[in-house]
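Me: I'd like a close look at one part of this model: the charged side-chain pairs. Take it slowly, and follow on to the helix and the rings if they help fill in the picture.

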Amino acid sequence: MTEAKAPGGGPLTGVRVVELAGIGPGPFAAMLLADLGADVVRVDRPDGPGLGIDPARDVTNRNKRSVIVDLKDPDGPARVLDLVERADVLVEGYRPGVAERLGVGPGDCHARNPRLVYGRMTGWGQQGPLADRAGHDIAYIALTGTLGMIGDPDRPPAVPANLLGDYAGGSLYLVVGVLAALHHARATGAGQVVDAAIVDGTAHLSAMIHGMLAAGAWQDRRGANLLDGGCPYYGTYETADGGYMAVGALEPRFYAEFLRLLDLDDQAGAHTDVIRWPELRAQVAARFKTLGRDEWTARFDGSDACVAPVLSLREAPHHPHLAARSTFTDHAGITQPAPAPRFSATPTTVRTGPARPGADTGDVARDWDVPRLLPSTPKPSKPQ
């Protein structure tokens, strides 16, 4: 297999990935692979993206290249399989059986490239009673018990955007699986299928909580535990100006510093006395309401009280710590999170903006040596 000729940058430079276009966790997983340096070719559909935003602003398609293939055309599957033959990884997020019906399932792909890592991203997984059902992040995390953990005890569970299921329980587990399978393929010459289900990954994220539950150190209800807002020194509090401060003063020395800066030293004994927690919570809440968020931020600055302001999406890039680390970056006029994690020998970067559907067909056809991607030139008609 020839090395990718597209400019890379990162530890996965030289790895080729075919992404069958979808929405949500599949594109994010492929973006992460692209951020790490892989040459990701996104196979877009002729009818455009399904996310409903301007493709030029869909940062989950950064660092990728795009071609357009209609898999329902007679020659569509063959064009994708030409890419597959030259790829290391394929990522798809269809419902179970759809890729097979389109002619680009694992059997078709492995017949052309036995070393291929075939990554499948779904909510319910490839098997099980719900495998063929539609769904979204919120339903997947609901069944795993994790959604029920989040929020106040006297209100419905709080919705954590689609970060917990789609991206933490889905995309990141798909990438871990793909990289592990890629290591195996390079060691043995044998590819395999990676079945990444959001229900599996999200359940896996709660491993520590299940251990605490088995040990009797976690109550199976919201707002009653150390890490779910039940503890008055691990949660959020409103400030005088309507902002919020996040508190995580768990350890005794951090708790003592927290009380000192709040002028609540008389509450030292409430740290382990659950009976006193309601009183402590009321006093902490009242104290935070006396100053604005920025004033509290200044007071806790430089301390080990484990207190931080709750910032908005637009505020976060300007925080001094995140700015110093370049946690966010600006590229093509879009402020966005920089690639993560960081590497000492193979640094990563945002190399290109979001791939426009079909814009890279010529380059990919040349670099991957797949001339069939190019539109066919009509043959001249014979003179009558």
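Reply: Let's start with the term itself: a salt bridge here is a side-chain nitrogen of Lys or Arg within 4 Å of a carboxyl oxygen of Asp or Glu. Bear in mind that this is a predicted model, where local features need pLDDT of at least 70 and side-chain atom pairs count only at pLDDT 80 or more, while totals for chains, interfaces and linings use all residues. Numbering runs from 1 along each chain as its sequence is written, and side-chain values use heavy atoms, leaving out hydrogens and water.

The salt bridges number 20 in the structure. Take Asp35 and Arg62: their closest N and O atoms sit 2.7 Å apart. That bridge links distant parts of the chain, with Asp35 in helix α1 (residues 25-35) and Arg62, 27 residues apart from it, in the loop between β2 (39-44) and β3 (64-68). Helices (H or I, at least four residues) and strands (E, at least two) are DSSP runs, numbered from the N terminus. Asp35 has a relative accessible area of 2%, so it counts as buried, and Arg62 is buried too, at 3%. The cut-offs are under 20% relative accessible area for buried, over 50% for exposed and partly exposed in between (1.4 Å probe, protein chains only).

While we're at Asp35, have a look at the helix that carries it. Of the 11 residues of α1, 10 are buried, so the rest of the structure largely encloses this helix. Those buried residues include Pro25, Gly26 and Pro27, and Asp35 is on the list as well, along with Ala29, Ala30, Met31, Leu32, Leu33 and Ala34. Just past the helix comes a backbone detail to check: Gly37 has a positive phi of about 110°.

Now for a bridge in another setting. Asp47 pairs with Arg45, and here the closest N and O atoms are 3.6 Å apart. Asp47 is exposed, given its relative accessible area of 63%. Arg45, with 33%, is partly exposed.

Next up are Arg112 and Asp82, whose side chains meet in a salt bridge with an N to O distance of 2.7 Å. This pair also spans distant parts of the chain, joining Arg112 of helix α4 (residues 106-112) to Asp82 of helix α2 (residues 76-85), 30 residues apart. The burial is mixed here: Arg112 is partly exposed, at a relative accessible area of 30%, whereas Asp82, at 10%, is buried. Besides such pairs there is a network, in which Asp39, Arg65, Asp363, Arg366 and Asp367 are joined by salt bridges that share partners.

On to the rings. Searching the whole structure turns up 10 aromatic pairs. In one of them, the ring centres of Trp124 and Tyr140 lie 4.8 Å apart with the planes at 90°, so you're looking at an edge-to-face pair. Trp124 comes from the loop between β5 (117-122) and α5 (137-144), and Tyr140 from helix α5 itself, so to speak bridging distant parts of the chain that are 16 residues apart. Both rings belong to buried residues, Trp124 and Tyr140 alike. Tyr237 and Phe288 give another geometry: with centres 5.5 Å apart and planes at 20°, the pair is stacked. It, too, links distant parts of the chain, from Tyr237 in strand β7 (residues 234-238) to Phe288 in helix α10 (residues 277-288), 51 residues apart. For these labels, rings of Phe, Tyr and Trp (its six-membered ring) pair if their centres lie within 6.5 Å, and planes under 30 degrees apart are stacked, over 60 edge-to-face and the rest tilted.

Tyr237 is buried, with a relative accessible area of 5%, and Phe288 is buried at 0%. These two also belong to one aromatic cluster, together with Phe258, Trp296 and Phe300.

If you want a place to start clicking, go to the Asp35 and Arg62 bridge, then run back along α1, where 10 of the 11 residues are buried. After that, jump to Asp47, which is exposed, and finish at the cluster that holds Tyr237 and Phe288.
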